[in-house]
Amino acid sequence: NVNFSDFKVPLVGNTEASVMEKERIKELLTRQVMEPVRFYDSIARMQEAGVTEFIEIGPGKVLSGFLKKIDKSAKVAHVEDVRSLSTLLENKE
């Protein structure tokens, strides 16, 4: 019984490596934990859309490492707690 607000930015889902539609987000997020993900294709889709900076949210830096293997020039930040979020936001100003 989770309600999602309209997206402020396009969200690329790893299940289909495409921009998710609000109406399908519950289905796609459910599939994402049960099916293989298409991380490489998802990154490629974001880069096609002009994304050059990425933020990994959560403990560890596994996805940041994968991203650097895909594109060494990609800018990657990592947020795992309030302090690292605050630092990221301060450096963006």
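N14 has quite a list of neighbours in this predicted model: leaving aside residues up to four places away in sequence, N14 touches Q32, V37, R38, F39 and S42. One of these contacts is polar, with the side chain of N14 meeting the side chain of S42 at 2.8 Å. As for where this happens, N14 sits in the loop between β1 and β2, the latter spanning 18–19. Loop residue or not, N14 counts as buried, because its relative accessibility is 17% and the cut-off for burial is under 20%.

The loop between β1 and β2 also holds A17. Here the backbone does something worth a look: A17 is not a glycine, yet its phi is positive, at about 55 degrees. A17 is buried as well, since just 3% is left as its relative accessible area.

Moving back towards the N terminus, the segment before β1 (12–13) contributes D6 and its neighbour F7. D6 counts as exposed, because its relative accessibility of 58% is over the 50% cut-off. Even so, the side chain of D6 has a partner, K22, with a polar contact of 3.1 Å joining the two side chains. E21 also comes into the picture: D6 and E21 are 15 residues apart in sequence, and their C-alpha atoms are 9.4 Å apart in space.

F7 shows a related set of neighbours. With residues up to four places away in sequence set aside, F7 touches M20, E21, K22 and I25. For the pair F7 and E21, 14 residues apart along the chain, the C-alpha separation is 8.9 Å. K22 therefore turns up twice, as a residue touched by F7 and as the polar partner of D6. In terms of exposure, F7 falls in the middle class: its relative accessible area is 26%, so F7 is partly exposed.

Then there is the nonpolar interior. The largest nonpolar core is made of five residues, namely F39, I43, F54, L67 and A74. Within this set, I43 touches F54 and L67, and I43 also touches I70, again not counting residues up to four places away in sequence. F39 links this part of the story to the opening one: F39 is a member of the largest nonpolar core and is also among the residues that N14 touches.

Zooming out, the protein chain has four helices and four strands. Read from the N terminus, the elements go β-β-α-α-β-α-β-α, so the loop that carries N14 and A17 joins the two strands that open the series. Along the principal axes, the C-alpha atoms fill a box of roughly 35 × 30 × 25 Å. The chain has 93 residues, and 24% of them count as buried; N14 and A17 belong to that group. Among contacts between residues at least 6 apart in sequence, 26% join residues at least 24 apart.

The surface and the charges round off the description. About 7,100 Å² of the protein chain is accessible, and carbon and sulfur atoms account for 56% of that surface. The protein chain carries 14 positive and 15 negative charges, and the mean positions of the two sets are 3 Å apart.

Definitions and conventions
Residues numbered from 1 in each chain as written. Predicted model: local features only at pLDDT ≥ 70, side-chain atom pairs only at ≥ 80, totals over all residues. Heavy atoms only, no water. Buried < 20%, exposed > 50% of the residue type's maximum accessible area, 1.4 Å probe, protein only. Contact = heavy atoms within 4.5 Å. Areas by Shrake-Rupley, 256 points an atom, 1.4 Å probe, with all protein chains shown as cover. Lys, Arg positive; Asp, Glu negative; His and termini not counted. Charge placed at Lys NZ, Arg CZ, Asp CG, Glu CD. Polar contact = N/O pair within 3.5 Å; in protein donor to acceptor, adjacent residues only side chain to side chain. Core = buried A, V, L, I, M, F, W, Y, C linked by side-chain atoms within 4.5 Å.
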